[in-house]
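Visitor: Could you take me through one part of this model in close detail? I would like to hear about the charged side chains and how they pair up, with a word on the core as well.

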Amino acid sequence: MSFLDRLRHHTVVVEDLLVKKRAMYGDRNFRKRGVLGVVMRLEDKVARLDTLIEAYGGQDEDSVEISVEEGLDDAFKDIAGYAVAALMLIEGTWEDNGNV
């Protein structure tokens, strides 16, 4: 699979995740606090990454437990989604009257 194919794959995954999480949890925090609300969520995710990386402990990749690997993967997907949300808040396109 080419770089562009992988990039498109990950972009779609992050898009689907952002839509799903917005539907599940709402977006009141983002609407109320704007980009600051996103920064608050990012701080949570960075703390999660710190914990996961400490668990990884600098081991080589082949010895990383699946749960840690999946946790890193999930955290980075969330961070990418939050970055998109922040960009949309900045450009004023986050709120769309509830349409997905």
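Guide: Happy to. One definition helps before we start: a residue counts as buried when its relative accessible area is under 20%, as exposed when that area is over 50%, and as partly exposed in between. Please keep in mind that this is a predicted model.

With that cut-off, Asp27 is buried, because its relative accessible area is 9%. Its side chain meets that of Arg31 in a salt bridge, at 2.6 Å from N to O. Arg31 has 46% relative accessibility and so counts as partly exposed. Just before this pair in the chain, Gly26 follows directly after helix H1 and takes a positive phi of about 80°. Helix H1 itself covers residues 3–25, and its 23 residues reach 32 Å from first C-alpha to last, close to the 33 Å expected at 1.5 Å a residue.

The structure holds 6 salt bridges. Another of them joins the side chains of Lys21 and Asp78, with N and O at 2.9 Å. Lys21 belongs to helix H1 and Asp78 to helix H4, so this pair ties together parts that lie 57 residues apart in sequence. Asp78 counts as buried, because its relative accessibility is 7%, while Lys21, at 27%, counts as partly exposed. The pair also has company: Lys21, Lys45 and Asp78 are linked in a network of salt bridges.

A more local example sits in helix H3 (residues 35–56), where Arg41 and Asp44 are 3 residues apart, about one turn of the helix. The closest N and O atoms of their salt bridge are 2.5 Å apart. Arg41 has a relative accessible area of 28% and is therefore partly exposed; Asp44, at 42%, counts as partly exposed too. As a general point, side chains of opposite charge can pair when their charged atoms come close.

Now for the core. The largest nonpolar core has 7 residues: Leu18, Phe30, Val38, Tyr82, Ala85, Ala86 and Trp94. Helix H4, residues 66–91, gives the most to this core, with 3 residues. Ala85 is a good place to look: leaving aside neighbours within four places in sequence, Ala85 is in contact with Leu18, Phe30, Val38 and Trp94. Apart from this core lies another, of 5 residues, including Leu49, Leu52, Leu72 and Ala75. In soluble globular proteins, nonpolar side chains tend to be buried together.

Notes. Residues are numbered from 1 along each chain as its sequence is written. This is a predicted model: local features need pLDDT of at least 70, side-chain atom pairs count only at pLDDT 80 or more; totals for chains, interfaces and linings use all residues. Side-chain values use heavy atoms; hydrogens and water are left out. A nonpolar core is a set of buried Ala, Val, Leu, Ile, Met, Phe, Trp, Tyr and Cys residues joined through side-chain atoms within 4.5 Å. Buried means under 20% relative accessible area, exposed over 50%, partly exposed in between (1.4 Å probe, protein chains only). Helices (H or I, at least four residues) and strands (E, at least two) are DSSP runs, numbered from the N terminus. Contact means heavy atoms within 4.5 Å. The expected span of a helix is 1.5 Å times one less than its number of residues. A salt bridge is a side-chain nitrogen of Lys or Arg within 4 Å of a carboxyl oxygen of Asp or Glu.
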